[in-house]
Amino acid sequence: MTFTPTLAPFPLLRPRRLRQNGWIRDLVAENRLSTSDLIWPIFVHDRDVAREAIGSLKGVDRLSVAEAVKEAKLARDLGIPVLALFPHLSDSIRTSDAKAAIDPNGLIAQTCRAIKAEVPDIGLLVDIALDPYTDHGHDGLIIGDKIANDATVEMLVQQALVLTQAGADICAPSDMMDGRILAIRKALEAAGHQDTMIMSYAAKYASAFYGPYRDAIGVKALKGDKKTYQMDSANTDEALREVAIDLQEGADMVMVKPGLPYLDIVQRVSDTFRVPTFVYQVSGEYAMIKAAVEAGFMDHDKGVLETLLAFKRAGASGILTYFARHVAELLKA
Ligand code: PBG
């Protein structure tokens, strides 16, 4: 927005007048965070244990399917609109061809069905990528010594179909293969799933901030890195190209990831495209805040709310955050 500065000089204008107490600050606040902005990522495991703590993500547990249904009820009661589901599978299920990713009775498909049977009015977002299913932890199939783009896309299409059939509302491809949005969109249309939404992880950076997540889904030792498919953190114009491509291929919403270190990208994407733009406050960001609080460097709730408001200020329509439940409880109180 551009405007002619017609601001009166001091003492006619004293900006502190509008900061003098809580009610006036609330009245003039430019941005607000609400529970309807939150997407809550949860981890589901295939073991017969209701909850299991994740060492690197204090306060986040891996859940059994039954426990995930309970969390879905809680989320619905708190007003959280969407859950994002991530699997932690036993090692024996992870293979080089990632075939468990397209199993109609796989863990995430089962979880979708179980949640939709009991909590039909909560949105379910599923991650479309192979990393929880491969024995090497990469998001794609490895052929020769490369991540094979087109063979991976074929798998992602099957994964999206299987999970949509199981009840997922939003497919969120997080793999960064080229052409996957178009392929998934065409397949969904052809199968009669014209209402299934796609939230593309459009600008996803190769980041050091995903460490705790890999622990959460049980990736032991990733061979190499993800730099041949995830974006270089040096780039910002490239993020706009990635978003443009995904929108042209049929994405309904886009995402920038990680969050705080990429706030400039969130702002550029939302300013440029004016489409629903989401941001993922990733596991390493969560863990960093927890560590700072534990060390006594920061107040937990103030720090968390400040980071989430920063995303809103940058133009995010909503935020994927492991703090979602806690923040929804805070906003309710
Ligand atoms: C991979 C995927 C990742 C996350 C979500 N989906 C990690 C990665 O790309 O290695 C990260 C989430 C987080 O760190 O909280 N498909």
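How many disulfides does the structure hold? I looked and found 0, with a disulfide taken as a pair of cysteine sulfur atoms within 2.5 Å.

**Ground rules.** I am working on a predicted model, where local features need pLDDT of at least 70, side-chain atom pairs count only at pLDDT 80 or more, and totals for chains, interfaces and linings use all residues. I number residues from 1 along each chain as its sequence is written, and side-chain values use heavy atoms, with hydrogens and water left out.

**Cysteines.** I checked C112 next. Its sulfur has that of C171 as the closest cysteine sulfur, at 9.1 Å, which is too far for a bond. From the other side, C171 is in no disulfide, and its nearest cysteine sulfur is that of C112. I then asked: is C112 buried or exposed? C112 is buried, at a relative accessible area of 0%; C171 is buried too, at 1%. For these labels I use under 20% relative accessible area for buried, over 50% for exposed, and partly exposed in between, with a 1.4 Å probe and protein chains only.

**Whole chain.** I counted 11 helices and 12 strands in the protein. These are DSSP runs numbered from the N terminus: H or I of at least four residues for helices, E of at least two for strands. The radius of gyration is 21 Å, close to the 20 Å from the globule rule for 333 residues, so the protein is as compact as a globular protein of that length. The radius is taken over C-alpha atoms, and the rule is 2.2 Å times the number of residues to the power 0.38. Along the principal axes I read a C-alpha span of about 70 × 40 × 40 Å.

I find 52% of the 333 residues buried. Of the contacts between residues at least 6 apart in sequence, 76% join residues at least 24 apart; contact means heavy atoms within 4.5 Å.

**Surface and charge.** The exposed area is about 15,600 Å², and carbon and sulfur atoms supply 54% of it. I took areas from the Shrake-Rupley method with a 1.4 Å probe; for residues, only the protein chains shown count as cover. I tallied 37 positive and 44 negative side chains, with the centres of the two sets 7 Å apart. Lys and Arg count as positive, Asp and Glu as negative, while His and the chain ends are not counted. I placed each charge at NZ of Lys, CZ of Arg, CG of Asp or CD of Glu.

**R214.** I located R214 in helix α6, residues 211–217. Leaving aside neighbours within four places in sequence, R214 contacts V219, L222, K226 and Q230. Its C-alpha is 9.0 Å from that of S283, 69 residues apart along the chain.

**Backbone exceptions.** Most residues other than glycine have a negative phi, and most peptide bonds are trans. Which geometry does the peptide bond from F10 to P11 have? I read it as cis, with omega near 10°; P11 is in the segment before α1 (22–28). The bond from K257 to P258 is also cis, with omega near -10°. P258 sits in the loop between β10 (253–257) and α8 (263–273).

I noted a positive phi at A98, near 55°. A98 lies in the loop between β4 (82–88) and α3 (107–118) and is buried at 0% relative accessibility. R274, not a glycine, has a positive phi of about 50°. I place R274 in the loop between α8 and β11 (277–281), where R274 is exposed at 62% relative accessible area.
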